[in-house]
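Thanks for making time this morning. I will go through one protein chain, starting from a single pair of strands and working outwards. Please have the structure open.

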Amino acid sequence: MSTKENQFKVFAGNSNPLLAKKIVEYMDTRLGDCEVSTFADGEVNVKINETVRGFDVYLIQSIAPPVNNNIMELLIMIDALRRASAASISVIIPYFGYARQDRKARGRDPITAKLVANLITTAGATRVVTIDLHAEQIQGFFDIPVDNLWSFPIFSKYFLEEMKLTQHDTVVVSPDVGGVKRARKFAQKLGSSLAILDKRRPKDNVAEVINVIGEVEGANCIIFDDIIDTGGSLVAAAETLHNKGAKKIIAAATHGIFSLNAVEKLQNSSIDKIIVTDTIYHKELPDKFVELNSSELLGEAIVRIRKNLSVSILFR
């Protein structure tokens, strides 16, 4: 006879309901019954409307804009599930906000990524699953297991099957030195060459491209990154590649934040196509934008975690 400790339930906050629905459809299950609302003064109110006692619970919530509201939803839901005696609480965070604050770049800087990790652990999470952490060392900020999934299989499938780019005329471009490992894995999957942009940041959300390391003339260039925020550095990178003779410029990034007027800026830029995944919810994007489905990657990772199978096999 099966017992509750062999069963699981999936819940979701309000950050990305469409992605949560696609994940449970892939897993052939349903979302648990819960209500996440706010009081008149803005306080988050969570009600779990079904039993979770003894169940393994998977909680889906991106730390995406509005960042602070979504992180409070996440923490309060974890607390509610822990106090309701869930056997385990695995938090599925497709986009991990605050990840760019991962070190002291200047004196008196906070390390907010570590603070967020502490909050999630203290609230009662037993595992974290995310996609493309901005800095891999953030996994070490947690004292619980972390599965940092790579997004390159999603993109490689699209470029090889939908766009049908060939190896000899495609170059994957890392937007900075810090993103070389991510871009190299993607280039290896496509079988293409790699180029690197040498840039500096005089201040936050501002980037200046100084040099291009690698050959891009006459090539289809794919700028591959983890985040597009305001879009300023991406537009500058595209202009540099265009001036170096690139034939076609495509931007691919896991997380499309698109702050301020980023969508308009990118739509009017020299970039031919902007491709992101659906880790962050967007109601509507212009025709130059393509949004790829990440639910199969996340759903399969959850299934494998449930069965104690390897997750890394997904990235071979």
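**From one strand pair to the whole chain**

Start with strand β4, residues 56-60, and strand β5, residues 88-93: the two run parallel and are joined by 5 bridges. To find the register, look at V57, whose bridge partner in β5 is I89. Keep in mind that this is a predicted model.

As a reminder, strands in a sheet pair through backbone hydrogen bonds, and the pairing can be parallel or antiparallel.

Now widen the view. β4 and β5 belong to an open sheet of 5 strands, ordered β1-β4-β5-β6-β7, with parallel pairing. Which strands stand at the edges? They are β1, residues 8-12, and β7, residues 146-149. Each has a single partner strand, so one side of each has no neighbour in the sheet. On average, neighbouring strands here are turned by 15° against each other, ignoring direction.

Next, the helices on this sheet. Helix α2, residues 67-83, lies across β1, β4 and β5, and runs at about 160° to β5. Helix α8, residues 295-306, lies across β1, β4, β5, β6 and β7. Its angle is given against β6, residues 127-131, and comes to about 155°.

Let me move to another strand, β8, residues 170-174. Why call β8 largely enclosed by the rest of the structure? Because 5 of its 5 residues are buried, and buried here means under 20% relative accessible area.

In a regular strand, side chains alternate between the two faces of the sheet. Both faces of β8 are covered. On one side T170, V172 and S174 are buried, and on the other V171 and V173 are buried.

β8 runs parallel to strand β11, residues 220-228, and 4 bridges join them. V173 can serve as the marker for this pair: its bridge partner in β11 is I223.

Last, the chain as a whole. It has 8 helices and 14 strands. For 316 residues, a compact globule would have a radius of gyration near 20 Å, and the chain has 20 Å, so the two agree. Along the principal axes, the C-alpha atoms fill a box of roughly 65 × 45 × 35 Å.

Buried residues are 52% of the 316. The chain exposes about 15100 Å², with carbon and sulfur atoms supplying 48% of that area. As for contacts between residues at least 6 apart in sequence, 63% join residues at least 24 apart.

That is the end of my part.

Terms used. Residues numbered from 1 in each chain as written. Predicted model: local features only at pLDDT ≥ 70, side-chain atom pairs only at ≥ 80, totals over all residues. Heavy atoms only, no water. Pairing = 2+ DSSP bridges. Helix = DSSP H or I, 4+ residues; strand = E, 2+ residues; numbered from the N terminus. Axes fitted to C-alpha atoms, helices over the stretch in contact; angles between N-to-C directions. Contact = heavy atoms within 4.5 Å. Rg over C-alpha atoms; globule rule 2.2 N^0.38 Å. Buried < 20%, exposed > 50% of the residue type's maximum accessible area, 1.4 Å probe, protein only. Areas by Shrake-Rupley, 256 points an atom, 1.4 Å probe, with all protein chains shown as cover.
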